[in-house]
Amino acid sequence: MSGNTEKDRNDQFDPGTYPVDQSLELELPEPILESSTSIEQALAERQSVRSYSGRSLALSDVSQLLWAAQGITRDSFFRTAPSAGALYPLEVYLVVGNVDGVVAGVYRYVSSRHSMLRVLDGDRRDELCRVSLSQPQIRDAAAVVVIAADYSRTTVKYGIRGIRYAHVEVGFAAENVYLQGVSLGIGTCAVGAFDDGEVASILDLPVNEEPLLIMPIGYV
Ligand SMILES: Cc1cc2nc3c(=O)[nH]c(=O)nc-3n(C[C@H](O)[C@H](O)[C@H](O)COP(=O)(O)O)c2cc1C
């Protein structure tokens with residue numbers, strides 16, 4: 001499904017400027033802005049969870065987590081996580097194994113449309129686990145969030161310092177996923193120990209994107 005050239009690989013990921021094969025795009029349920037979990041409770045209960053119930057994830061919960069990571073909040077542009085110069089270098093992927101009604105594959109979250117675009121078919125959890133020091137939480141999760149960065153979006157304005165900004169930003173996005181997870185009964189664990197090249201290859205990331213963090217997700 002991916003293109004052969006660098007241009008193809010980038011174009012297929014830019015639904016804002018390039019026609020998208022509608023059959024590969026999955027519109028997500030609207031995020032819900034109310035909860036019985038207070039922000040204080042979520043902070044107090046946040047912890048890294050490495051074992052999950054094995055239940056499949058509801059699409060509404062997946063939608064909520066992706067929105068928490070990089071969803072649009074105001075002016076059809078700004079996002080849940082701050083970004084230096086509002087340049088948004090992060091891209092969020094979801095490696096789907098066991099999500100209700102969703103074909104296994106690798107999906108790219110499209111913030112501007114609150115949708116997921118399938119970029120690869122097939123369940124990639126085992127492969128991802130293998131290249132992450134075989135940490136079992138990746139294999140056992142219902143789905144796995146992978147956050148990547150395109151440094152050029154921030155370095156074009158900030159020079160080399162833009163790399164630091166992208167690294168800071170992945171922390172904001174990841175914490176949002178942790179906290180949103182608490183309110184949904186979904187556990188996650190930041191995983192930084194993986195082979196960058198292998199992860200990029202498994203997800204068929206565009207050449208300008210670096211994987212920064214892996215977050216397996218599943219009901220506690
Ligand atoms: C950048 C980063 C990388 C991490 N990498 C891993 C990892 O590869 N495997 C893992 O099990 N936990 C990983 N963790 C989770 C930490 O082990 C965990 O946050 C720490 O033990 C504190 O526990 P808590 O998150 O439950 O408060 C990572 C955390 C961060 C912030």
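This briefing walks through a predicted model, from its ligand site to its strands, helices and loops. Eleven residues of α3 are buried, out of twelve, so this helix is largely enclosed by the rest of the structure. Strand β2 is covered too, with seven of its seven residues buried. A ligand is also present, and the protein covers 49% of the 620 Å² of accessible area that the ligand has on its own.

**Ligand site**

- The residues around the ligand include R46, Q47, S48 and R50.
- Q135 and Q137 are also around the ligand.
- The run C189, A190, V191, G192 and A193 completes the list.
- By class, this shell holds four nonpolar, five polar and two charged residues.
- The side chain of R46 places an N or O atom 2.8 Å from an oxygen atom of the ligand.
- Q137 has a polar side-chain atom 3.3 Å from an oxygen atom of the ligand.
- G192 takes part through its backbone: a polar atom there is 2.9 Å from a nitrogen atom of the ligand.
- With the protein in place, 49% of the ligand's 620 Å² of accessible area is covered.

**Strands and their pairing**

- Strand β2 spans residues 90-96.
- Both faces of β2 are covered. On one side, L90, V92, L94 and V96 are buried. On the other, E91, Y93 and V95 are buried.
- β2 pairs with β5 in the antiparallel sense, over seven bridges.
- One bridge in that pairing sets V96 against A143 in β5.
- β2 also runs antiparallel to strand β3 (residues 105-110), joined by four bridges.
- There, Y93 has R108 of β3 as its bridge partner.
- Strand β5 (residues 143-149) also pairs with β7, antiparallel and over seven bridges.
- V144 is matched with P216 in β7.
- β7 covers residues 210-219, and nine of its ten residues are buried.
- Strand β6 (residues 186-188) runs antiparallel to β7, with three bridges between them.
- G187 stands opposite G218 of β7.

**Helix α3**

- Helix α3 runs from residue 59 to residue 70, and L66 sits in this helix.
- From its first C-alpha to its last, α3 reaches 17 Å, close to the 16 Å expected at 1.5 Å a residue.
- Its buried residues include L59, D61, V62, S63 and Q64.
- L65, L66, W67, A68, A69 and Q70 are buried as well.
- L66 counts as buried because its relative accessibility is 1%, under the 20% cut-off.
- The C-alpha atoms of L66 and A173 are 9.5 Å apart, although 107 residues separate them along the chain.

**Helix α7**

- Helix α7 takes in residues 161-184, which makes 24 residues.
- Its span from first to last C-alpha is 36 Å, close to the 34 Å expected at 1.5 Å a residue.
- A173 is one of the buried residues of α7.
- Others buried in α7 include G162, A166, E169, V170 and A174.
- Towards the end of the helix, V177, Y178, L179, Q180 and G181 are buried.
- G185 follows α7 and has a positive phi, near 75°.

**Loops and helix α5**

- Most residues other than glycine have a negative phi.
- A86 is not a glycine, yet its phi is positive, about 50°. A86 lies in the loop between α3 and β2.
- L133 is not a glycine either, and its phi is also positive, about 55°. L133 is in the loop between α4 (125-130) and α5 (136-140).
- L133 counts as exposed because its relative accessibility is 66%, over the 50% cut-off.
- D140 belongs to helix α5.
- D140 counts as partly exposed because its relative accessibility is 38%.
- The C-alpha atoms of D140 and D126 are 8.8 Å apart, with the two residues 14 positions apart along the chain.

Terms used: Residues are numbered from 1 along each chain as its sequence is written. This is a predicted model: local features need pLDDT of at least 70, side-chain atom pairs count only at pLDDT 80 or more; totals for chains, interfaces and linings use all residues. Side-chain values use heavy atoms; hydrogens and water are left out. Helices (H or I, at least four residues) and strands (E, at least two) are DSSP runs, numbered from the N terminus. The expected span of a helix is 1.5 Å times one less than its number of residues. Buried means under 20% relative accessible area, exposed over 50%, partly exposed in between (1.4 Å probe, protein chains only). A residue is near a molecule or strand if one of its heavy atoms lies within 4 Å of it. A polar contact is a pair of N or O atoms within 3.5 Å; within protein, one must be able to donate a hydrogen and the other to accept it, and residues adjacent in sequence count only if both atoms are side-chain atoms. Accessible areas come from the Shrake-Rupley method with a 1.4 Å probe; for residues, only the protein chains shown count as cover. Ala, Val, Leu, Ile, Met, Phe, Trp, Tyr, Cys and Pro count as nonpolar, Asp, Glu, Lys and Arg as charged, and the others, Gly among them, as polar. Two strands pair if DSSP finds at least two bridges between them.
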